[in-house]
Amino acid sequence: MRDFLRSHGTAGLALIRRASRDTFSRKREKGAQGRWGRPVIDDSGTPRRRERARAPRATQAATPQLPRLGVPWAPLDIFSADEVERLLEATFTVLQEIGLEIRSPAARAVYARHGALVDDEGIVRLGRDIVAEFCGKAPERFVLHARNPERDLNVGGNVVNFGPVNGAPHIGDSERGRRYGDIEAFRDILKVTHALGVLHWQGGVVVEPVDLPVPTRHLDMYYAHITLSDAVWAARGIGGVAARDGIAMSAIEHGVSLDDLARHPRLMIVTNINSPRRVDEEILDCIMAMAEHGQCVVATPFTLMGAMAPVTLPGALVQQTAEALGVIALVEMIRPGTPAVIGGFTSNVDMRTGSPVFGTPEYVHATLGGAQIARRLKIPFRSSAVCASPVVDAQATYETGFSLWASIMSHSHLINHAAGWLEGGLTASMEKIVVDAEVLRGWAELLKPKGFSDADIALDAIREVAPGGHFFGSQHTLARYETAFYRPLLSYSNNFENWRDSGARTATDRATDIWKKAREAYVAPPLDAGVTEALQAYVAKRKEELAG
């Protein structure tokens, strides 16, 4: 471009501007609807004052749902095969000699019936043969069925799936600031992510609705999931009551019996081990209820290096793998073949403050290494796209970028917190959802298989354009310009003067406009009226029972 301008001077610049203007004029003649006939967002901000400024670019409030994504490259390994075996040998030593503290008498009884050693202090020790036998029953690949069959969640192989922020107590946006979550914010997140179409499952507790009574709030969350989207959703990962209600409401949503739900699983939980080596009774009650009904359990140790796990990467990965396998063995003892996933959440702490940090080199190594171990075990792996930054800024973006890169290059099958995570998980941010959506859409474009035709080689176009000329008006360009390149949702590519004169709005500022207009453009997916009535009746009945 610099050589072209050097040769053609201001005339060349005018030529580029005219060609660009003509192209955009043809696009505007198509009207205010997007390519799919869906509403569009104008994210340009205030009107431009410069008469010659380029027309504002429109972005879509509702964008097409991302397809199933497969990673076309081999997974990135950081350990040799021998090193993986050494880590697994240490993992089995932890389970057999050191053990896990299992705080549920019912769970300890299951372990004991299947040959584990259980002592008087609640420590369960599992021999290598027991772990290998039962964890070997977990499927290497499985499908969780959505109400909309086009949105079934395929887990395993080279498929990667994006899920939203989960478990945040606060909601945040640029206009109202950071505040405790409520059911309105919960619904807003579901609406915006559904409209943006960047997620493969819709999460669980996307933000904690603290305005609702604790004993029954899970019912309102599940009702929101079912009525506001048609993708796979997750039940709360704590408590048998919440799990059983989720199972019952999922069966109502799909119009199936509990037996059919078990044969064709539709629900998941993402639950945590209380690292180091402790699993609480409420978490175990939830895990056992899900396993009894054949629904997916994502067992995620909370292993922060230097705090709840050894300060070294190998030690932390050994503990993470041992804790996850100990829980997965329980799941398979209860119902062999139940979908189960090793959850990886190992990161480090800031040794100056003790604060958790994410998106660090240590986090990247832990994600790559954890997924490599899971591949060796032939069990699907879950990771996260996370950051520690308290605001939507450059730090939030590069930390999330590192986390997401590691998750994708490791072939992590479920990538949690991929939209909206902020402040180490303490805040679900509406603007961060949009920033993350831009990155996820970009990755989806990168993951598309790349092939080309003879026409793509463009020899005729190269012959057509004279030396020092331009390709704006070539037939090759005119036939492809509308779909030639990825079109960003959020990015701004105009010059500095036009950016300044249109309000000097940052990407975060523009993200505010986009999430609000996406919420306005949201259209609920179809749901049978009889299902809605049955759900309402179930929720009312259960609220009465739980309140009593």
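A salt bridge is taken here as a side-chain nitrogen of Lys or Arg within 4 Å of a carboxyl oxygen of Asp or Glu. With that cut-off in hand, one arginine of this predicted model makes a good starting point. R382 is buried but has no salt bridge; E323, the nearest side chain of opposite charge, is 12 Å away. The residue belongs to strand β20, which covers residues 381–384.

What, then, does the side chain of R382 make polar contacts with? One partner is the side chain of T300, at 3.0 Å. Another is the side chain of S384, at 2.7 Å. The wider surroundings of R382, neighbours within four places in sequence set aside, include V270, V298 and T300. The run V341, I342, G343, G344 and F345 is also in contact with R382, as are L414, N416 and H417.

Turning to the overall picture, the protein has 548 residues, of which 54% are buried. Its secondary structure consists of 19 helices and 23 strands. Of the contacts between residues at least 6 apart in sequence, 74% link residues at least 24 apart. The accessible surface amounts to about 24,500 Å², and carbon and sulfur atoms account for 54% of that area.

Among the helices, α6 (residues 217–228) lends itself to a simple geometric check. Its twelve residues should span 16 Å at 1.5 Å a residue, and the C-alpha atoms at its ends are indeed 16 Å apart, in agreement with that expectation. How much of α6 is buried? Eleven of its twelve residues are, so the helix is largely enclosed by the rest of the structure. The buried set comprises R217, H218, L219, D220, M221 and Y222, followed by A224, H225, I226, T227 and L228. The cover over these residues includes three helices, α5 (183–196), α7 (240–254) and α19 (529–547), together with strand β12 (233–235).

Strand β18 (residues 347–349) offers another buried site, at S347. The relative accessible area of S347 is 0%, so this serine counts as buried. Its side chain comes within 2.5 Å of the backbone oxygen of V357. Apart from neighbours within four places in sequence, S347 is in contact with T303, L304 and M305 and also with V357, F358, T360 and Y363.

Backbone geometry deserves a closer look as well. Most residues other than glycine have a negative phi, and most peptide bonds are trans. Where does the model depart from this pattern? One place is the peptide bond between S275 and P276, which is cis, with omega about 5°. P276 sits in the loop that connects β13 (267–273) with β14 (278–279). R277, also found in the loop between β13 and β14, has a positive phi near 60° without being a glycine. At a relative accessible area of 30%, R277 is partly exposed.

A further positive phi, about 70°, occurs at A458, again a residue that is not a glycine. A458 is placed in the loop between α14 (454–457) and α15 (459–464). Is A458 buried or exposed? Its relative accessibility is 14%, and because buried means under 20%, A458 counts as buried.

Notes:
Residues are numbered from 1 along each chain as its sequence is written. This is a predicted model: local features need pLDDT of at least 70, side-chain atom pairs count only at pLDDT 80 or more; totals for chains, interfaces and linings use all residues. Side-chain values use heavy atoms; hydrogens and water are left out. Helices (H or I, at least four residues) and strands (E, at least two) are DSSP runs, numbered from the N terminus. Buried means under 20% relative accessible area, exposed over 50%, partly exposed in between (1.4 Å probe, protein chains only). Contact means heavy atoms within 4.5 Å. Accessible areas come from the Shrake-Rupley method with a 1.4 Å probe; for residues, only the protein chains shown count as cover. The expected span of a helix is 1.5 Å times one less than its number of residues. Lys and Arg count as positive and Asp and Glu as negative; His and the chain ends are not counted. A polar contact is a pair of N or O atoms within 3.5 Å; within protein, one must be able to donate a hydrogen and the other to accept it, and residues adjacent in sequence count only if both atoms are side-chain atoms.
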